[in-house]
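Here is a short briefing on how strands line up into sheets, and where helices pack against them. Keep the structure open as you read.

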Amino acid sequence: MPEQMTDLPDLPSPFGAADAADPYPSYDRLRASGGMRRIRIRPGLEPWLVSRYEDVRDVLGDERLSTDPATTTEEVRAAIRAGRAEEQVALLGRNLLSVDPPDHTRMRRVMSRALSARRTVDLEKPVTRLADELLDELGRRGAGDLLADYTLPLAVSVICRIIGIPEEDHARFRAWGRALVRAELEDMTAFDRVSDEMAEYFVPFILGRRHSPRDDLVSVLASARDEDRLDDHELISLVYQLFFAGHESSAYFMANAVLTLLRHPAELARLRANPELLPGAIEELLRYEGSVKVPTWRFAKRDLVIAGAAVAQGEPVLALLASAGRDPGRHPDGAGELRIDRADTAHLAFSHGIHHCMGSAVGRLESRIAVSRLLDRFPNLRLAVPEDALRWRVNLMMRGVCELPVALGRPAS
């Protein structure tokens, strides 16, 4: 029988400050409580939260759930608008994260041509060069914030290169990326100001590609014809989504990966001694400490039952990717342990189903390069502050530190 819930359980939301540094005990309790519970985020926003691996996978592929905010109530939409900017992504324009088939199918088909395998392969040399340039600067200083000084500028420049932003403008986008992170953490009025500055650049750049196409992703999107054609609103929304989703999750994951290895010195030593383990280590790190806690909102298209719970039409459902990765039901051989040579690293860090991340190959490439170049060049890398002094972001969707201060030590000869 489906579970009928009229009262919220005494399980608090796992997205508050108390759980920011280590949310995994709360995730364990959620899975033990049945894996599908309603939580309270703020008045008017009490989504269902699914936390077990198989249930999360099912939700991500469930065609009875929509990502279109038009399918929920105005009360829920208003409550989402009252949250942080990253929670509002489903409400901002028409893009791959906020539409259902057939529009989603059309947009994804066009995007798949733009994010070709060739474009990913062609990134390896420039990404390696950029990583080394950033590490040169860090090396001259001997210390720094690995997020602000390495992973964030690397991720921003990679996505700028994919989109087709001229290289002379990458520094401007890096500055905007740093400002958005600081603003999202501290000052939402600054967030709006930076967003407006980006719009003044982006809109004419994107629409200009309709008339003067080049060999870049925006030109491929802008040149789509017939049934695949994107209108101006869809084109701008898609590129905005690609920029924000493409740099933020990558920057935080790369920082998470390095921090996790520093916290597990035996595994770090094993990786240094066996660099051929790196591709599998990246998958294990995605499982163990991915940067996306939950993907975009899902809304029930009709009354339905999920994981034994009765979900009413229009109610929001959140899939807790970070919990699924450490579910002992999926990984009975030590789900809470990091093992870089783990044979089965199954995870949902890039989501699943029709909303599986189209940039996953790029994310894996830049993560592999970023981690390998850093470890190769600085064998004595260490945290510059005690672990308990690290500040973690307090939010719904993204997992990461606010800063990652490191001391680089003597560089490799």
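In this predicted model, 3 strands make an open sheet. Their order is E4-E10-E9, and the pairing is antiparallel. A further open sheet has 5 strands, in the order E1-E2-E8-E5-E3. Its pairing is mixed. Strands of a sheet pair through backbone hydrogen bonds, either parallel or antiparallel.

**The sheet of 3 strands**

- Strand E4 (143-145) and strand E9 (382-383) are the edge strands. Each of these pairs on one side only.
- Helix H7 (residues 146-163) packs on this sheet and touches E4 and E10. The direction of H7 makes about 70° with that of E4.
- E9 and strand E10 (residues 405-407) run antiparallel, joined by 2 bridges.
- Across from Ala-407 in E10 stands Arg-382.

**The sheet of 5 strands**

- Which strands stand at the edges? They are strand E1 (36-38) and strand E3 (65-66).
- E1 and E3 each have a single partner strand, so one side of each is left without a neighbour in the sheet.
- Strand E2 (residues 48-50) and strand E8 (residues 316-319) run parallel. How many bridges join E2 to E8? There are 3 bridges.
- Leu-49 is placed opposite Leu-318 in E8.

**A helix across the sheet of 5 strands**

- Helix H2 (residues 53-60) lies across E2, E3, strand E5 (298-300) and E8.
- H2 runs at about 125° to E8.

Technical notes:
Residues are numbered from 1 along each chain as its sequence is written. This is a predicted model: local features need pLDDT of at least 70, side-chain atom pairs count only at pLDDT 80 or more; totals for chains, interfaces and linings use all residues. Side-chain values use heavy atoms; hydrogens and water are left out. Two strands pair if DSSP finds at least two bridges between them. Helices (H or I, at least four residues) and strands (E, at least two) are DSSP runs, numbered from the N terminus. Contact means heavy atoms within 4.5 Å. Axes are lines fitted to C-alpha atoms, for helices over the stretch in contact, and angles run from 0 to 180 degrees between N-to-C directions.
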